[in-house]
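Thank you all for making time this morning. I would like to walk you through a structure that may be new to you, starting from a single residue and working outwards.

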Amino acid sequence: MHRFRCDELAALEPGVSVRLEKNESTHLFKILRASEGERCLLMDGRGNIGEAEVAAGRTLVLRSRTAVPPPRGPSVHLYIAPPRRQKMDQILKQCTELGVRRIVPVICERSVSLPDNDSISGRWTELMFEACKQSGNAFVPELCGSMRFSDAARDSQACCDASFYGAVSECGEEDMPRTCNAIAWFIGPEGGFTEAEEELMRISGFRGLHFGSWILRVETAAVCGIAILMDRFAGKRLS
């Protein structure tokens, strides 16, 4: 079934009429040409899923609503120096499909793009919601305001069990944690981290993660690192 955004879903009870936002309603009735009796799924991005039925007069009636738990596995927090708009759009959508829980824009010395709060709360959220609708992920990642690099490093230590960054040499097995509830994955700007930033990560206990034989683009490193870390710690959580 097709999925549609409904921010008020948590407050609705089965049997009530549902009013979709204009773009969602246009998609359902004018593009898909939904007819009476057809069903669709509603989601609010906070774990609530509803099933609705098209009724007479192009109305939508909620038939059921359930709250789904967060998926098992580690919670991944992506700390990223945003690349230019098109690349960041791609990263937002793919990270949402992978199930990232939280995204923190980081301001580094070599940052090339500084997103404003309106973009973060508006367009970024819309892009991630579209990815949720496509993938079935019931949870839109939490978006934070931009942080200076040093503040982001401290934030990751407070929020996560382990922090990783892309490095030339891989972290040895003896330095790799066995279990993690929450993981921080740091992605620098297109010009890379400075020596001072790398030194700060090392003295803060960050672990280097190396994969692939070549230098990766920001969008490639972001997605590959998330997939590798989620797979490594899947089902291995701290008690």
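**From one leucine to the whole chain**

Let me begin with L127, which is found in helix 4, and let me say at once that everything I describe comes from a predicted model. Is L127 buried or exposed? With a relative accessibility of 17%, L127 counts as buried, because the cut-off for that label is under 20%. Leaving aside its neighbours within four places in sequence, L127 is in contact with D89, L92 and K93. The last of these, K93, is 34 residues away from L127 along the chain, and yet the C-alpha atoms of the two are separated by 6.2 Å.

Still in helix 4, which covers residues 123-135, we also find K133. This lysine counts as buried, at 10% relative accessibility, and its side chain is joined to that of E130 by a polar contact of 3.0 Å. Once neighbours within four places in sequence are set aside, the residues in contact with K133 are R3, F4, R5, E24 and M43.

Now to helix 2, which runs over residues 85-98 and has 14 residues. From its first C-alpha to its last, helix 2 reaches 20 Å, close to the 20 Å expected at 1.5 Å a residue. Its buried residues are M88, D89, I91, L92, C95 and T96. Where do they lie when we look down the axis of helix 2? They fall within an arc of 165 degrees, so they line one face of the helix. It helps to recall that an α-helix has 3.6 residues a turn, so residues three or four places apart point the same way. The elements that cover the buried residues of helix 2 include strand 6, strand 7, helix 4 and helix 7. Just after helix 2 comes G99, which takes a positive phi of about 100 degrees.

One of those buried residues, I91, leads us into the interior: apart from neighbours within four places in sequence, I91 is in contact with L78, I80, P83, V218, E219 and A222. The largest nonpolar core has 35 residues, and those touching the most other members are L78, I80, I91, F164, W185, I187 and I226. At least two residues of this core come from each of strand 3, strand 6, helix 2, helix 4, strand 10, strand 11 and helix 7, and helix 7 gives the most, with six residues. A second, separate core has 19 residues, among them Y79, A152, A167 and F206.

A word about the cysteines, since somebody usually asks. How many disulfides are there? The count comes to zero. C6 is in no disulfide, as the nearest cysteine sulfur, that of C40, is 9.6 Å away, and C6 is buried, with a relative accessible area of 3%. C180 is likewise in no disulfide, with the nearest cysteine sulfur, that of C160, 8.8 Å away, and C180 is buried at a relative accessible area of 0%.

Finally, let me step back to the chain as a whole, which has seven helices and twelve strands. Its C-alpha atoms fill a box of roughly 65 × 40 × 30 Å, taken along the principal axes. Of the 239 residues in the chain, 46% are buried. Among contacts between residues at least 6 apart in sequence, 71% join residues at least 24 apart.

Note on methods
Residues are numbered from 1 along each chain as its sequence is written. This is a predicted model: local features need pLDDT of at least 70, side-chain atom pairs count only at pLDDT 80 or more; totals for chains, interfaces and linings use all residues. Side-chain values use heavy atoms; hydrogens and water are left out. Helices (H or I, at least four residues) and strands (E, at least two) are DSSP runs, numbered from the N terminus. Buried means under 20% relative accessible area, exposed over 50%, partly exposed in between (1.4 Å probe, protein chains only). A polar contact is a pair of N or O atoms within 3.5 Å; within protein, one must be able to donate a hydrogen and the other to accept it, and residues adjacent in sequence count only if both atoms are side-chain atoms. Contact means heavy atoms within 4.5 Å. A disulfide is a pair of cysteine sulfur atoms within 2.5 Å. The expected span of a helix is 1.5 Å times one less than its number of residues. The arc is that of the directions from the helix axis to the C-beta atoms. A nonpolar core is a set of buried Ala, Val, Leu, Ile, Met, Phe, Trp, Tyr and Cys residues joined through side-chain atoms within 4.5 Å.
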